Amino acid sequence: MNPWAQGRATVDQLIAAGTVERVPADLEAARALVNKSRVHLQSAALLADADVDLAYDALHAANRKALTAVLLAQGLRPTRAGGHIAVYDAVRAQLDPPMGNTLAPYSRIRRARNAGDYLDQLPATGDDVRGDLPLCEAIVDAADRVLGKMPPY
């Protein structure tokens, strides 16, 4: 099965549901998003002890932008209705397998970020940020590896 055929039914459902939409494929913009993701990872490392909530914002932003880059290179993007979940669902459908274990931390990091935004106290520490950082680096690296290898939708 070629990479595009894998997950196509899920992507078609996301488009039909209005949580993902077609846009012009833009590999250059996708690469720029991956570069922004790498900057966010550096920011998370710097903020780990000073501001855990913001560090998790940075980790999640890095993951989300990296996966959005994969879609953008294909001529797709999540809509406001689909948000942070549709991007993960669309990319995971296409890349799991073989990248399921690499992508898996996305949802947990997103929930940690949400806890920091909506709970009085995020039950995480700087050590948690440092522990999650390599997992997020792996997500960004995985996105970078597939850019330009999957044909436009």
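**Close-up views of the model**

**View 1. Aspartate 26 caps the N-terminal end of helix α2.** A side-chain oxygen of aspartate 26 lies 3.3 Å from the backbone nitrogen of glutamate 28. That is a polar contact, meaning a pair of N or O atoms within 3.5 Å; within protein, one must be able to donate a hydrogen and the other to accept it, and residues adjacent in sequence count only if both atoms are side-chain atoms. Helices (H or I, at least four residues) and strands (E, at least two) are DSSP runs, numbered from the N terminus.

A word before you go on: this is a predicted model, where local features need pLDDT of at least 70 and side-chain atom pairs count only at pLDDT 80 or more, while totals for chains, interfaces and linings use all residues. Residues are numbered from 1 along each chain as its sequence is written, and side-chain values use heavy atoms, with hydrogens and water left out.

**View 2. Helix α2 has buried residues on one side and exposed residues on the other.** α2 runs through residues 27–47, and its 21 residues reach 30 Å from first C-alpha to last, close to the 30 Å expected at 1.5 Å a residue (the expected span is 1.5 Å times one less than the number of residues). Ala30, Leu33, Val34, Ser37, His40, Leu41 and Ala44 are buried. They lie on the same side of α2 because they cover an arc of only 110° around its axis, taken from the directions from the helix axis to the C-beta atoms. An α-helix has 3.6 residues a turn, so residues three or four places apart point the same way. On the other side of α2 you will find Glu28, Gln42 and Leu46, which are exposed. Buried means under 20% relative accessible area, exposed over 50%, and partly exposed in between (1.4 Å probe, protein chains only). The buried residues of α2 pack against α3 (52–74) and α7 (126–146), with contact meaning heavy atoms within 4.5 Å.

**View 3. Helices α3 and α7 pack together at an angle of about 10°.** Their axes are 9 Å apart; axes are lines fitted to C-alpha atoms, for helices over the stretch in contact, and angles run from 0 to 180 degrees between N-to-C directions. α3 and α7 are therefore roughly parallel to each other, a label for angles under 35 degrees. Among the residues making the contact are Ala55, Leu59 and Leu67 of α3, and Leu133, Ile139 and Val140 of α7. Look also for arginine 145 in helix α7, which counts as partly exposed at 46% relative accessibility. Its C-alpha atom is separated by 9.5 Å from that of valine 70, although the two residues are 75 apart along the chain.

**View 4. Glutamate 21 in strand β1 makes a polar contact with arginine 77.** The two side chains come to 2.6 Å. Strand β1 covers residues 20–22, and glutamate 21 is partly exposed, with a relative accessible area of 29%. Leaving aside its neighbours within four places in sequence, glutamate 21 is in contact with Gly75, Leu76, Arg77 and Thr79.

**View 5. The side chain of glutamine 6 reaches the backbone oxygen of proline 97.** The distance is 2.7 Å. Glutamine 6 lies in the segment before α1 (8–17) and counts as buried, at 15% relative accessibility. Proline 97 lies in the loop between α4 (83–95) and α5 (100–103). Which kind of peptide bond leads from aspartate 96 to proline 97? That bond is cis, with omega near 0°. The bond from proline 97 to proline 98 is cis, with omega near 15°.

Notes:
Parallel < 35°, antiparallel > 145°, perpendicular 65-115°, else oblique.
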